[in-house]
Amino acid sequence: MTAKNAVLQLSIHEERTRKKALVTVSRFSGVTSITMYKSGKMTIVGEVDVPAVVMKLRKLCNTEIVTVDDVKPPVKKPEPEKPAESIAYPVPMNYAYQFNPAYANSYYHQPYGNCRVVDEPNCVIM
């Protein structure tokens with residue numbers, strides 16, 4: 001099923017009926033957008049069965065189909081490729097012990113020069 005743009009003419013005189021019509025149409029699967037004008041025209045865009053929508057809306061008010069068109073997808077122009085540039089941004093440190101991804105792959109070896117082992121039976125100081 002292709003996307004369709006349907007314009008319907010509704011005879012709505014109350015705000016309550018207008019809201020019911022919007023809710024009824026929005027419950028259909030495949031509806032992309034709904035636009036309701038004060039003149040009573042409703043525009044429905046999406047992959048939806050228009051006669052089924054009209055039959056549902058006729059339970060609320062008098063409904064007529066004005067136009068039904070197929071929606072053409074927008075044609076995208078190919079963008080020229082840009083060369084990849086690598087830019088290094090400084091990483092702000094908000095907290096004292098915040099993880100810094102710049103140091104994620106580096107190897108940090110703690111020096112053992114400040115470590116002492118005392119040969120006493122009950123005491124080990126590191």
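Strand β1 (residues 4–10) runs antiparallel to β3 and is joined to it by 6 bridges. Strands here are DSSP E runs of at least two residues, and helices are H or I runs of at least four, numbered from the N terminus; two strands pair if DSSP finds at least two bridges between them. The model is predicted, so local features need pLDDT of at least 70 and side-chain atom pairs count only at pLDDT 80 or more, whereas totals for chains, interfaces and linings use all residues. Residues are numbered from 1 along each chain as its sequence is written, and side-chain values use heavy atoms, with hydrogens and water left out.

**Strands**

β3 (residues 41–46) also pairs with β2 (residues 31–36), in the antiparallel sense, over 5 bridges. The hairpin of β2 and β3 has 4 residues between the strands, and G40 in this hairpin takes a positive phi near 100 degrees. Bridge partners in β3 include I44 for I34 and M42 for L8.

**Helices**

Buried means under 20% relative accessible area and exposed over 50%, with partly exposed in between (1.4 Å probe, protein chains only). The table sets out the two helices; the arc is that of the directions from the helix axis to the C-beta atoms.

| Helix | Buried residues | Arc of the buried residues |
|---|---|---|
| α1 (15–26) | T17, R18, A21 and V25 | 105 degrees |
| α2 (residues 50–57) | V50, V53, V54 and L57 | 100 degrees |

The buried residues of α1 fall within their arc, so they line one face of the helix. The face of α1 turned away from its buried side carries the exposed residues R16 and K19. On the buried side, α1 packs against β1, β2, β3 and α2. The 12 residues of α1 should span 16 Å at 1.5 Å a residue, and its end C-alpha atoms are 17 Å apart, which agrees; the expected span is 1.5 Å times one less than the number of residues.

In α2, the arc of only 100 degrees puts the buried residues on the same side of the helix. What covers them includes β1, α1, β3 and β4 (63–70).

**Core**

A nonpolar core is a set of buried Ala, Val, Leu, Ile, Met, Phe, Trp, Tyr and Cys residues joined through side-chain atoms within 4.5 Å. The largest one has 15 residues, and those with the most contacts inside it are L8, L10, M42, I44, V53 and L57. β1, α1, β3 and α2 each supply at least two residues of this core, and the largest share, 4 residues, comes from α2.

Contact means heavy atoms within 4.5 Å. Leaving aside neighbours within four places in sequence, L10 is in contact with A21, M36, G40, M42, L57, C61, N62 and T63.
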